[in-house]
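Work through the exercises below with the sequence and the model open side by side. Each task is followed by a solution that goes step by step.

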Amino acid sequence: MSPAIPLPREVASDCAPPARAPILRERGQREVFCGLTGIIWLHRKVQDAFFLVVGSRTCAHLLQSAAGVMVFAEPRFATAIIEERDLAGMADCTAELDRVVDRLLARRPDIKLLFLVGSCPSEVIKLDLSRAAQRLSAKHGASTRVLNYSGSGIETTFTEGEDACLATLVPELAATSPDAAPELLIVGALPDVVEDQFLRLFAQLGIAQVRSFPARRAAAMPPVGPNTRFLLAQPFLGDTARALEDRGAIRLDALFPFGAEGTSNWLHAAAVAFGIDEMHFRSVIAPGRERAKRAIAHARDRLAGKRIFFLPDSQLEVPLARFLAQELGMVPLEVGTPYLHRAHLAQELALLPADTVISEGQDVDRQLDRVRAARPDLTVCGLGLANPLEAEGLTTKWAIELVFSPIHGFDQAGDLADLFARPLRRRDVLRV
Amino acid sequence: MQLTVWTYEGPPHVGAMRIATAMEGVHYVLHAPQGDTYADLLFTMIERRGKRPPVTYTTFQARDLGKDTAALFQTAVRDAVDRFAPQALLVGASCTAELIQDDPAGLASALRLPIPVIALELPSYQRKENWGAAETFYQLVRAMCSGAPAGTVATPPAKAGAQSRDGGNEVLSAPTSTFANGPRPSPGGSRPVRKKANIVGPTALGFRHRDDVVEITRLLETLGIGINVVAPLGATPADLARLPDADFNISLYPEIADTACRWLERTYGQKTVRTVPIGHGATRDFIAEVAALAGVDPAAALDTSRLPWWSRSVDSTYLTGKRVFIFGDATHAVAAARVARDEFGFEVVGLGCYNREFAREIRTAALVYGLEPLITDDYLAVEEAIARLQPELVLGTQMERHIAKRLRIPCAVISAPVHVQDFPARYSPQMGFEGANVLFDTWVHPLVMGLEEHLLTMFRDDFEFSDHAGASHLGHGASPILPREPGEGDREHSANGGGGATAVVSPSASPLHHSAEEAERSPSPADAGEEQEGWSPEAERELLKIPFFVRGKARRNTERYATEHGIAAITLDTLYDAKAHYAR
């Protein structure tokens with residue numbers, strides 16, 4: 001166990017950011033999911049929420065393809081499919097939506113929070129779902145709150161659906177009392193096991209009041225106010241952060257909690273903000289940090305020096321590339337992201353090798369040309385591209401798993417490293 | 001608006017993708033918002049293809065709306081033609097692009113491309129996947145057979161004038177077909193002219209299409225009939241232009257092939273074989289039909305499957321009269337019903353399909369079995385029907401597999417939509433004689449498992465018949481047939497397949513739809529108006545001693561008997577009276 005834990009403050013302040021090539025911005029065909037996909041994990045997090053997509057058969061088909069077998073476990077999401085007669089006139093559409101919601105709530109009285117989720121078709125025909133949400137809230141308000149956000153492909157990419165959902169919740173949060181002690185808010189839906197680990201660590205650090213956003217139940221959503229300090233657990237929460245800041249909350253800048261270093265830095269940002277003693281901080285995080293380093297050690301042997309290429313998917317690409325480069329010795333060739341929030345990712349970007357290409361947006365055919373030219377050891381991409389690239393002899397890691405699996409924090413660092421090591425190990429063991 | 005959790009079919013542009021992906025040398029430019037590329041993974045994951053589907057999406061975003069989506073579309077078309085150099089191009093709009101009303105046909109036409117361009121009009125808010133596939137294939141066949149010159153855009157017949165029959169034939173270099181006169185006596189009395197057939201209908205993402213084509217090709221070769229073109233699976237646009245060279249067409253999957261076959265019939269006088277060769281008897285009928293059209297002796301191909309003997313062997317006696325519920329696409333459902341009754345000795349108690357376009361076929365078949373057909377795309381209605389009928393076997397799609405698991409009824413899959421395990425590595429056709437062998441094994445397997453499970457449970461728990469012991473093949477959870485405690489709300493539905501990051505259970509979610517229990521308790525039409533007092537504890541206990549896979553039938557029969565005889569409280573005697581009454 002090393003006695004001194006290097007703390008990221010030094011990295012952030014003392015080192016000048018490495019000279020970096022300008023960000024490559026591309027426009028063309030994008031091989032990405034739309035924001036509706038966020039429903040798949042959001043509905044599991046908020047246990048009394050229901051997500052009603054107002055869209056087309058395509059939207060329903062997408063959800064069913066993305067949810068896989070989950071569709072059969074009585075999921076708390078559905079699609080109100082717009083039909084020809086709905087397109088005929090707007091008034092009819094309003095009545096139809098009310099009818100569908102009435103029927104849904106009558107059958108599911110346990111639902112406390114209903115999200116009307118906008119889609120491309122509903123946005124294009126300018127169906128006013130926010131008005132509908134207000135109207136339905138007035139009608140069902142006693143038992144169910146009705147909100148709306150857009151998960152459409154024209155506005156949101158994959159994880160941005162969570163951002164849109166949380167951002168619409170922020171104005172609904174109660175206000176903290178102005179003279180209350182500072183509270184810490186963890187922002188972003190995390191698997192319950194990870195959330196519990198973080199809550200335990202913050203308790204050990206001695207931060208009295210820590211809450212998660214979103215909470216597991218609609219009635220337990222945290223209050224927010226000028227005494228709120230928040231840590232983003234996910235890099236795709238730009239609008240949510242802005243909405244929280246609009247209510248006076250203050251964002252704590254940090255790396256994202258991936259790997260030993262990312263998690264240490266993230267926890268440290270809170271420790272500093274809450275005036276936790278440095279020695280106490282080090283002693284609290286030391287066991288977890290050491291476990292994380294031990295857990296990723298064997299993957300490091302396999303991954304060090306390997307070249308990795310990220311295609312854009314979830315906005316997790318930059319922090320994950322940082323983790324793989326900094327802690328596992330991988331060489332990121334290109335890190336593609338659907339959207340780059342420079343402020344939230346400033347520390348992450350500073351830690352990436354200077355010659356790593358950062359690309360924002362996508363022209364998938366051109367990007368695949370670059371993948372083929374570079375022939376990376378590992379390509380992180382969506383399921384539409386993974387098997388075709390494997391068939392070309394390129395080893396891939398499908399990206400969606402990174403959103404669905406517990407990967408944050410010290411005790412998931414080994415699992416996270418193994419997600420990248422496993423495809424390479426498999427490539428080596430197969431004799432067919 | 002229609003409240004939907006599950007859909008049997010995707011939108012029509014997914015049908016068009018199934019055609020484009022099945023073929024070689026075709027590219028499809030789809031005007032669609034960012035996100036619609038999700039459909040690619042149906043082909044790369046479920047069907048496990050090693051190539052990206054030949055589809056370019058314009059993936060427009062909000063900032064593009066109202067200014068340059070049309071330009072975006074044209075750029076995408078130009079880039080796709082340059083990069084992929086297809087022989088023919090499909091262009092069309094997905095549901096959202098249909099609303100913004102760019103005109104793919106006009107925009108593509110303005111580009112004066114060096115290849116034929118087929119513009120698709122697929123009404124997303126009215127039609128679905130199978131229709132989209134049939135329409136796309138028809139438009140492609142029509143355009144290629146009419147010798148669509150490069151640079152022109154073929155549009156649907158509503159806009160363009162109907163192609164004249166002769167006009168269509170002129171562009172062909174092939175001889176006119178002569179099937180109508182039967183086998184043509186060849187000059188000098190030497191070998192007769194070998195007749196040629198097209199195999200029409202197999203696509204990408206088709207349930208067992210890959211192996212069905214192999215099986216049918218083998219059958220035709222045995223008969224000495226040549227294969228002219230197999231389409232769309234594996235065909236190029238140039239191959240489609242050769243379709244009229246054949247003597248006749250085999251419509252293997254009417255959902256996809258019928259529109260094109262009818263046009264070929266009208267335009268070139270080609271006859272169509274419409275018997276779908278699923279099952280032993282249907283395969284023999286198919287051979288007879290094909291042999292008659294080709295003027296060959298069917299005897300050579302009347303090889304037999306093992307199904308007849310397997311079905312006659314004494315081990316199969318217990319299959320007699322098993323009550324089976326059948327649901328799927330109309331073609332597979334109708335074929336399965338015939339096999340179930342005539343070749344397995346089952347009783348068909350329910351028959352239905354989700355594709356309304358083929359409702360007539362299902363109605364005709366349902367008459368044969370004296371049934372009211374179930375034509376719906378709402379899986380809740382299907383679940384209700386299954387819970388009400390309490391069949392002993394369900395034959396359906398992956399959705400019926402899950403419904404059956406929930407109701408603890410054995411099940412086999414006979415139709416799309418299916419999941420990844422039904423695109424198997426091994427050879428497993430549904431059609432032809434080997435297909436009949438596959439059907440026998442596939443359908444009997446879950447039943448044998450049911451019997452095996454019963455015996456294992458019986459010996460393990462020594463007459464206790466504990467229903468809380470997990471059922472390994474048929475899912476977990478309390479049997480819906482059992483009476484439930486009022487407070488016993490949380491029943492876990494274990495997701496099938498276990499692994500995978502997305503497999504979860506939501507233990508606290510209460511059902512959106514009628515649960516089996518509600519269906520069980522709600523009066524069936526026969527009971528309407530009749531007050532059902534219910535079961536005495538003693539009779540209830542006795543019911544639990546009956547193996548779970550026939551318990552539902554026993555409960556249903558007893559209740560019907562009680563109703564018919566005006567018995568309010570069901571006692572032990574009622575149970576056994578009913579048993580005697582319905583004894584077969």
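**Exercise 1: two positive phi angles**

B:R408 is found in the loop between α16 (398–407) and β15 of chain B, where helices (H or I, at least four residues) and strands (E, at least two) are DSSP runs, numbered from the N terminus. The model is a predicted one, in which local features need pLDDT of at least 70 and side-chain atom pairs count only at pLDDT 80 or more, while totals for chains, interfaces and linings use all residues. Residues are numbered from 1 along each chain as its sequence is written, chains are lettered from A and ligands numbered from 1 in the order in which they are written, and side-chain values use heavy atoms, with hydrogens and water left out.

Task: determine the phi of B:R408 and of B:Q101, and state whether each residue is buried or exposed.

Solution. Begin with the backbone: B:R408 has a positive phi of about 55° although it is not a glycine. Next, B:Q101, which is likewise not a glycine, has a positive phi of about 60°, and its place is in the loop between α4 (95–100) and α5 (104–109) of chain B. Finally, consider accessibility, where buried means under 20% relative accessible area, exposed over 50%, and partly exposed in between (1.4 Å probe, protein chains only). B:R408 is buried, with a relative accessible area of 6%, whereas B:Q101 is exposed, at 67%.

**Exercise 2: the surroundings of a strand in chain A**

Task: describe how strand β6 (residues 183–187) of chain A is enclosed, and find the strands with which β6(A) pairs.

Solution. First, count the buried residues: five of the five residues of β6(A) are buried, so the strand is largely enclosed by the rest of the structure. Second, sort the side chains by direction, which places A:E183, A:L185 and A:V187 one way and A:L184 and A:I186 the other way. In a regular strand, the side chains alternate between the two faces of the sheet.

Third, look for partners, bearing in mind that two strands pair if DSSP finds at least two bridges between them. β6(A) is joined to β8(A) by five bridges, and the two run parallel; within this pairing, A:I186 stands opposite A:L231. With β7(A), the pairing is also in the parallel sense, over four bridges, and A:L185 has A:R211 as its bridge partner there.

Fourth, follow the chain from β6(A) through helix α9 (residues 192–205) to β7(A): these elements make a right-handed β-α-β unit, right-handed meaning that, with the strands pointing away from the viewer, the path from the first strand over the helix to the second runs clockwise.

**Exercise 3: the loop that follows**

Task: locate A:P214 and A:N227, and describe the peptide bond before A:P214 and the contacts of A:N227.

Solution. Start with A:P214, which is found in the loop between β7 and β8 of chain A; a cis peptide bond joins A:F213 to A:P214, with omega about 10°. A:N227 is found in the loop between β7 (210–213) and β8 (228–232) of chain A, and is buried, with a relative accessible area of 8%. Then list its contacts (heavy atoms within 4.5 Å): leaving aside neighbours within four places in sequence, A:N227 is in contact with residues including A:T176, A:P178, A:P182 and A:E183.

**Exercise 4: an open sheet in chain B**

Task: give the strand order of the open sheet in chain B and identify the strands at its edges.

Solution. The order of the four strands is β8-β7-β9-β10, and the pairing is parallel. β8 (226–231) and β10 (271–273) of chain B stand at the edges, each with a single partner strand, so one side of each is left without a neighbour in the sheet. The twist averages 25° from one strand to the next, axes being lines fitted to C-alpha atoms, for helices over the stretch in contact, with angles from 0 to 180 degrees between N-to-C directions. To check one pairing, take strand β7 (residues 196–200) of chain B, which pairs with β8(B) over four bridges, B:V200 having B:A231 as its bridge partner.

**Exercise 5: cysteines**

Task: find how many disulfides the whole structure holds.

Solution. Taking a disulfide as a pair of cysteine sulfur atoms within 2.5 Å, a search finds zero over all chains. The sulfur of B:C261 is 11 Å from the closest cysteine sulfur, in B:C145, too far for a bond, and B:C261 is buried, with a relative accessible area of 0%.
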